[in-house]
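Colleague: I'm new to reading protein models, and I'd like to go through one with you. Can we take it feature by feature?

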Amino acid sequence: MAQVFQSASSKAAIEKPRLSFWQIFNMSFGFLGIQFGFALQNGNASRILQTFGADVEHLSLFWLAAPITGMIVQPIIGHYSDRTWNRLGRRRPYFLTGAILSALALIIMPNSAVLANLLPPILVGAGMLMIMDASFNVAMEPFRALVADNLPDAQRSDGFSIQTFLIGVGAVVGSLLPYIMAEWLGISKTAAPGQIPANVIYSFYTGAVFLIGAIVWTVITTKEYSPAEYAKYHPDEDGVEEQKGLSTIFTDFSKMPVTMRQLGLVQFFSWFALFSMWVYSLPAIANHIYHVAPGDTSSAKFADAGNWVGFLFGIYNGVSAIYALFLPAIARATSRKIAHAISLTAGGIGLLSIYFIQNPDYLIFSMIGVGLAWGSILAMPYAILSGSIPAKKMGVYMGIFNFFITFPQIVNGLFSGIIVKQIYQGQAIYAIVLAGIFMICAAVSVLYVHDSKVTITH
């Protein structure tokens with residue numbers, strides 16, 4: 001990365017030009033591809049790892065690869081994307097690199113058994129999960145900063161909402177794809193013990209191609225501001241920042257705005273709940289609703305449960321995509337905090353309701369509540385946060401904010417497996433119940449966050 005950012009002094013700031021709907025759409029389109037791959041991971045990683053021999057109480061430990069790599073990667077990528085520039089721009093080089101690495105991991109993970117002569121498939125699968133999530137984080141982190149970079153304050157909530165809509169669309173397609181391939185296209189949904197079904201493998205291949213294509217579209221269609229233009233819009237950031245390397249991340253962390261600290265508690269409860277849902281939905285639904293015996297990973301019933309969980313994940317992502325379009329209006333009518341609290345409460349009720357359901361079809365209603373929460377989680381915290389951090393630190397603070405996403409997942413991963421085994425006696429459904437309770441705790445805690453801009457203006 002060739003050129004270090006410098007700012008020129010100026011007497012007054014010039015407002016960034018407003019962007020059209022399609023400019024914002026193209027700028028965020030790459031996120032659709034990332035979420036396509038991310039949804040495949042969320043909906044099928046537990047299934048793949050269980051097929052390769054992971055016990056249900058150990059699943060959360062394997063899933064730790066994701067938040068640990070995110071905690072490390074996102075602040076570093078944010079730090080360097082704030083400071084570098086090349087022919088592709090400021091943020092685009094990072095998410096293009098992440099897309100290529102993510103696609104490779106998507107291709108390799110479901111084929112981990114092929115490498116069994118080198119390492120046990122479970123280790124290869126867990127390693128690919130780590131590489132995949134690290135790559136997703138490389139690609140994902142700059143997109144949040146790109147929205148804040150290119151949009152004026154008045155359009156940021158709209159920008160994050162459009163981004164959330166595209167996230168939802170990508171996640172719907174990624175979540176539903178194994179189900180569609182099995183039920184509509186007739187591709188095999190079962191395989192020999194220790195093997196991944198063909199419908200899952202082909203879904204991962206499709207995700208790899210789509211992910212790269214979506215990222216390339218954003219790279220081609222989106223312009224980033226040059227250093228000179230950046231200085232024109234941010235005259236208050238005069239002078240050349242002293243280069244202190246990665247150590248500045250720790251300084252920035254210690255000086256994070258009060259709003260970010262308060263949002264940290266909201267994020268802890270929210271993402272603890274989400275991690276439990278992603279890890280334990282399949283074993284919980286398979287055992288509690290489909291009555292699949294523990295340890296059964298090769299029966300048609302288990303395959304049906306796995307495909308239905310993917311379908312349900314598509315439902316909540318679809319709801320989030322539609323709901324995101326209405327969030328700015330809801331926030332204007334109430335406030336960003338109230339809108340987020342209402343959404344999180346709906347998610348908590350949705351998760352709690354799973355315990356009382358015995359007909360799998362009724363789980364769709366549970367996922368509607370989860371979708372409202374997910375749509376808000378992807379938009380409102382970032383809209384609240386972006387107004388409280390300096391523009392020249394946008395990338396690194398968006399990366400540091402990821403700490404409040406990864407830390408609760410790490411805590412969950414370290415302890416939930418023990419809790420499921422020792423306290424819940426292997427009944428994963430109780431992990432989903434706890435997730436619902438935590439989501440409601442997040443709804444309460446967001447009411448105490450200081451939002452410097454309590455209304456959204458246009």
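Colleague: Let's start small: does Ser335 count as buried or exposed, and why?

Modeller: Before we look, keep in mind that this is a predicted model. The general idea is that a residue under 20% relative accessible area is called buried, and one over 50% is called exposed. Ser335 has 12% relative accessibility, so it counts as buried. You'll find Ser335 in the loop between H11 and H12.

Colleague: How far is Ser335 from Asp451, in sequence and in space?

Modeller: Count along the chain and they are 116 residues apart. In space, their C-alpha atoms are 9.2 Å apart. It's handy to check both numbers for any pair.

Colleague: Which other loop residues should I look at?

Modeller: Try His291, in the loop between H10 and H11. His291 counts as exposed because its relative accessibility is 53%. Its phi is positive, about 60°, although His291 is not a glycine. Then there's Gln425, in the loop between H16 and H17. Gln425 also has a positive phi, near 55°, and isn't a glycine either. With a relative accessible area of 58%, Gln425 is exposed.

Colleague: On to helices. Why does the span of H17 agree with what it should be?

Modeller: The general idea is to take 1.5 Å for each residue, times one less than the number of residues. H17 covers residues 429-446, which is 18 residues, so it should span 26 Å, and its end C-alpha atoms are indeed 26 Å apart.

Colleague: And what span does H4 have?

Modeller: H4 runs over residues 92-108, with 17 residues. From first C-alpha to last, H4 reaches 25 Å, close to the 24 Å expected.

Colleague: How do I read which side of a helix faces inwards?

Modeller: An α-helix has 3.6 residues a turn, so residues three or four places apart point the same way. With that in mind, look through the buried residues of each helix. In H17 they include Ile432, Ala435, Phe438, Met439, Ala442 and Val446. In H4 they include Phe95, Ala99, Ser102 and Leu106.

Colleague: What do the buried residues of H17 pack against?

Modeller: Four helices: H10, H12 (336-353), H13 (363-377) and H16.

Colleague: What about nonpolar cores? Which residues touch the most other members of the largest one?

Modeller: A core is a set of buried nonpolar residues joined through their side chains. The largest one here has 132 residues, and Met260 and Trp278 touch the most other members. H10 gives the most to this core, with 18 residues. Leaving aside neighbours within four places in sequence, Trp278 is in contact with several residues, including Phe38, Trp63, Trp271, Phe313 and Trp374. There's also a second, separate core of five residues, among them Val73, Ile77, Tyr94 and Ala134.

Colleague: Now the empty space. How many cavities of 30 Å³ or more does the structure hold?

Modeller: A cavity is space where a probe fits but cannot get out, while a pocket is open. The structure holds six cavities of 30 Å³ or more. About 340 Å³ of space lies in the largest. Its lining has 28 residues, with Gln74, Met140, Trp271, Asn402 and Ile405 nearest the centre. H5 supplies the largest share of that lining, six residues. By class, the lining divides into 15 nonpolar, 10 polar and three charged residues.

Colleague: What lines the second largest cavity?

Modeller: That cavity has about 110 Å³ of space. Of its 15 lining residues, Ala191, Gln195, Pro197, Thr297 and Ser298 are closest to the centre. H1 and H11 (300-333) are the elements that give two or more residues to the lining. Here the split is six nonpolar, seven polar and two charged.

Colleague: And an open example: what volume does the second largest pocket have?

Modeller: About 250 Å³. It is lined by 18 residues, and Gln50, Val56, Asn287, Pro294 and Gly295 are the closest to its centre. H10 gives the most to this pocket's lining, with three residues. By class, you get eight nonpolar, eight polar and two charged residues.

Note on methods. Residues are numbered from 1 along each chain as its sequence is written. This is a predicted model: local features need pLDDT of at least 70, side-chain atom pairs count only at pLDDT 80 or more; totals for chains, interfaces and linings use all residues. Side-chain values use heavy atoms; hydrogens and water are left out. Buried means under 20% relative accessible area, exposed over 50%, partly exposed in between (1.4 Å probe, protein chains only). On a 1 Å grid over the protein atoms alone, a cavity is a set of points where a 1.4 Å probe fits but cannot get out, and a pocket is an open set with protein on both sides within 12 Å along at least five of seven lines; lining residues have an atom within 4 Å of a point. Grid points are joined across faces, edges and corners, and a volume is the space filled by probe spheres set on the points. Ala, Val, Leu, Ile, Met, Phe, Trp, Tyr, Cys and Pro count as nonpolar, Asp, Glu, Lys and Arg as charged, and the others, Gly among them, as polar. A nonpolar core is a set of buried Ala, Val, Leu, Ile, Met, Phe, Trp, Tyr and Cys residues joined through side-chain atoms within 4.5 Å. Contact means heavy atoms within 4.5 Å.
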